[in-house]
Amino acid sequence: MDAYDIGAWLLLIALIGIIVRRLWPRPGKPILVDGSNVLHWANNNPDLRALRRVITLLQQSGYRPEVVFDANVGWLVFDRWSGPEMLAPHIGLEPRDITVVAKGKIADLELLERAKRRKLRIVTNDRYRDWVLKYPMLRREDVLVRGRVGLTGAELDLDPATVTSRRDDASPRRAGRDDRR
C-alpha cells in the first residue's frame, strides 16, 4: 500500500464521518429560539450570556435549540456582521443550529414558517400579533414559550410544569451565573 492508497482511505473515512454526523439524529427534542428576542432578556440590553443561559437550560431540560437571528445580530454584540460560525462558541451551539437571516429578510417569518412546517415551539417573549391571521397556530398556548433571565439564572414557562433555575438549585436543570463558560 503506497501513500496514494493511504490518502484515499483517509479521505473515504473522513467523508463517511461527515455523512454520518449530518444524518445521525441529534439528541433532544427540537425547539426554536428567537435569538434576537432572547438576546434582550437581561436588562433589555443585547447580551449573549443571557441567550447562553436560556440555551443551557433548554439543553438540560431535554431540548435541542435551533436559534434564528435577525441580520443585525453581529452589529449588536460585536460591532460588525457575524454569521453562525462566530456566534456559535459564545452561545454553546454548533453553527448548524444557528441561522442569521439575510439583510432585508424578516427573522419572524423564518421562525414562524419553521415552526409551522415542523410543528415546533418557539422560545420568545414576542407575541407575533402581526402574524396571527397568517399563522393561527399562534393562538394556541403551547406554541410560544415565554421566559426571563435575571440574577438567579434563566426561567422558562415550559409545559407541563415551569422549568426554572436558580443559583441555589441543585437540580440538573440549573442554568445560572456559574454557567457562563
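**Notes on a predicted model**

1. E66 is found in strand β2, and I start from this residue in what is a predicted model. With a relative accessible area of 7%, E66 counts as buried, because the cut-off for that word is under 20%. Its surroundings, once residues up to four places away in sequence are set aside, consist of P30, I31, L32, V33, D97, R114 and R118, each of which E66 touches.

2. One of those neighbours deserves separate mention, since the side chain of E66 makes a polar contact with the side chain of R118, at 2.8 Å. R118 belongs to helix α6, which covers residues 107-118, and a reader following strand β2 may therefore wish to look at that helix next, given that β2 (63-69) is included in what covers the buried residues of α6.

3. Helix α6 itself has twelve residues and reaches 16 Å from its first C-alpha to its last, which is close to the 16 Å expected at 1.5 Å a residue. Its buried residues are A107, D108, E110, L111, L112, R114 and A115, a list in which charged residues such as D108, E110 and R114 stand beside A107, L111, L112 and A115. R114 also appears among the residues touched by E66. The cover over the buried residues of α6 includes, besides β2, the strands β1 (29-34), β3 (98-100) and β4 (122-123).

4. What sign does the phi of K119 take, just after α6? The phi of K119 is positive, at about 55 degrees. As background, most residues other than glycine have a negative phi.

5. Two further positions with a positive phi lie in loops, and I take them together. N44, which is not a glycine, has a phi of about 60 degrees, and its place is in the loop between α2 (35-38) and α3 (48-60). D79, likewise a residue other than glycine, has a positive phi near 60 degrees, and is found in the loop between α4 (73-77) and α5 (84-91). N44 is exposed, with a relative accessible area of 61%, and D79 is exposed as well, with a relative accessible area of 62%.

6. Finally, on the surface, W9, L12 and I16 make a nonpolar patch of about 310 Å². Of these, L12 lies in helix α1, which comprises residues 3-23. Is L12 best described as buried, exposed or partly exposed? L12 is partly exposed, because its relative accessible area is 40%, and that class holds values between the under 20% of buried residues and the over 50% of exposed ones.

Conventions. Residues are numbered from 1 along each chain as its sequence is written. This is a predicted model: local features need pLDDT of at least 70, side-chain atom pairs count only at pLDDT 80 or more; totals for chains, interfaces and linings use all residues. Side-chain values use heavy atoms; hydrogens and water are left out. Patches are made of residues with over 30% relative accessible area and no salt bridge: like charges are joined within 9 Å, nonpolar side chains (Val, Leu, Ile, Met, Phe, Trp, Tyr) within 5 Å. Accessible areas come from the Shrake-Rupley method with a 1.4 Å probe; for residues, only the protein chains shown count as cover. A salt bridge is a side-chain nitrogen of Lys or Arg within 4 Å of a carboxyl oxygen of Asp or Glu. Helices (H or I, at least four residues) and strands (E, at least two) are DSSP runs, numbered from the N terminus. Buried means under 20% relative accessible area, exposed over 50%, partly exposed in between (1.4 Å probe, protein chains only). The expected span of a helix is 1.5 Å times one less than its number of residues. Contact means heavy atoms within 4.5 Å. A polar contact is a pair of N or O atoms within 3.5 Å; within protein, one must be able to donate a hydrogen and the other to accept it, and residues adjacent in sequence count only if both atoms are side-chain atoms.
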